[in-house]
Amino acid sequence: MCTVSFLPNRHGFYLAMNRDEKRDRFAALPPEIVEFENHRVLFPREPTGGTWISANDAGVCLALINWHRIKRESNNGVRSRGEVIRKLAGISTSNEISTAVKKLPLRKLRAFRLIAIVPREKRVIEWRWNLQRLAIRNHEWRRQHWFSSGFDEPRAEVERAKVCASFVAGGGDPGKGETSQRRARTGVNAAGYSVKWLRQLHRSHAPKRGPFSICMHRPDAMTVSYTEVGVSKKGATMRYKTGPCCSNGRIINRTISLTRSL
């Protein structure tokens, strides 16, 4: 269960992700810089080593979400989807990523959607694995959102898309009763999205706090972390907050310089 948002700007882009998990799952480790063969990479990780989001020193960002609409299970044993980004995080071009995705042990992985942001090519690419076929979708270089939910994915997509549309329209967060006038004063409106807008969106409880809100709360599961990557012309910064977005969880910042300016 997750929400991923992509927000381009004049100097680069932001990629934000709410990670929703069972309350009894082991706590993840905060982001660190890891040296790969050809690139330095930033990512948080599970105690077992897997991850769900990364940024490297070429400015390439990856995010992986489960695809709960696919109800079937792999028939060839199951490996963790957390391995996917670890194997791809040190790659700097879309062609190389595409080649590497096809070499993954797909038949042993549950269904997933992998999102890649490649700034030097101005490409937003999504790979979808449904246990039978790997499909690719190219998205425009503009604001995008992706949603997943093990509770009720089709409804979560509808409800969360409505909230995103409300923010874009400048109507404020229905869960907080903000007005478009107030949002205009803070510089967060349909005419100029900002990182503040993105953070407000990811801690939203609209239409009400529960399984379908972007900041998700259920008796057995909740948003367990918020990861935000900001890529500019010369660097990438990962901002990581433990706990639900609405909490006062600890915030950790890590930055790497890009090997070449965008």
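This passage walks through the fold, the pockets and a handful of individual residues of the protein.

The structure is a predicted model, so local features are reported only at pLDDT of at least 70 and side-chain atom pairs only at pLDDT 80 or more, while totals for chains, interfaces and linings use all residues. Residues are numbered from 1 along each chain as its sequence is written, and side-chain values use heavy atoms, with hydrogens and water left out.

Starting with the overall picture, the protein has 5 helices and 13 strands; these are DSSP runs, H or I over at least four residues for helices and E over at least two for strands, numbered from the N terminus. Of its 262 residues, 53% count as buried, where buried means under 20% relative accessible area, exposed means over 50%, and partly exposed covers what lies in between (1.4 Å probe, protein chains only). About 12,300 Å² of the protein is exposed, and carbon and sulfur atoms supply 47% of that area. Accessible areas come from the Shrake-Rupley method with a 1.4 Å probe, and for residues only the protein chains shown count as cover. Among contacts (heavy atoms within 4.5 Å) between residues at least 6 apart in sequence, 57% join residues at least 24 apart.

Next come the pockets. On a 1 Å grid over the protein atoms alone, a pocket is an open set of points with protein on both sides within 12 Å along at least five of seven lines, and lining residues have an atom within 4 Å of a point; a cavity, by contrast, is a set of points where a 1.4 Å probe fits but cannot get out. Grid points are joined across faces, edges and corners, and the volume is the space filled by probe spheres set on the points. The largest pocket comes out at about 760 Å³. It is lined by 34 residues, and E21, R25, N66, H68 and R81 are the closest to its centre. Strands β2 (13–22) and β6 (61–66) each supply at least two residues of this lining, with the largest share, 5 residues, coming from β2. By class, the lining of the largest pocket holds 13 nonpolar, 8 polar and 13 charged residues. Here Ala, Val, Leu, Ile, Met, Phe, Trp, Tyr, Cys and Pro count as nonpolar, Asp, Glu, Lys and Arg as charged, and the others, Gly among them, as polar.

The second largest pocket has a volume of about 190 Å³. Its lining has 14 residues, of which R25, F26, A27, A28 and V224 sit closest to the centre. Two or more lining residues come from each of β2, β11 (221–231) and β12 (235–242). The lining of the second largest pocket splits into 6 nonpolar, 3 polar and 5 charged residues.

One strand residue of β11 is Y226, which is buried, with a relative accessible area of just 3%. Beyond its neighbours within four places in sequence, Y226 contacts a list of residues including A16, M17, N18, L198, H202 and K241. Y226 and K241 are 15 residues apart in sequence but 5.1 Å apart in space, C-alpha to C-alpha. The side chain of Y226 also makes a polar contact of 2.6 Å with that of E228; such a contact is a pair of N or O atoms within 3.5 Å, where within protein one must be able to donate a hydrogen and the other to accept it, and residues adjacent in sequence count only if both atoms are side-chain atoms.

Helix α5 (residues 195–202) is mostly covered, with 6 of its 8 residues buried; these are V195, W197, L198, Q200, L201 and H202. At the start of α5, a side-chain oxygen of S194 comes within 3.2 Å of the backbone nitrogen of K196. P207 follows in the loop between α5 and β11, and the peptide bond from A206 to P207 is cis, with omega near -5°. P207 is also touched by E159, as is F212, not counting residues up to four places away in sequence. E159 belongs to helix α3 (residues 153–168) and counts as buried at 17% relative accessibility.

Finally, some backbone oddities. Most residues other than glycine have a negative phi, and most peptide bonds are trans. K122, in the loop between β7 (112–118) and β8 (123–129), has a positive phi near 50° and counts as exposed at 51% relative accessibility. L131, in the loop between β8 and β9 (134–139), has a positive phi of about 80°, but L131 counts as buried at 10% relative accessibility.
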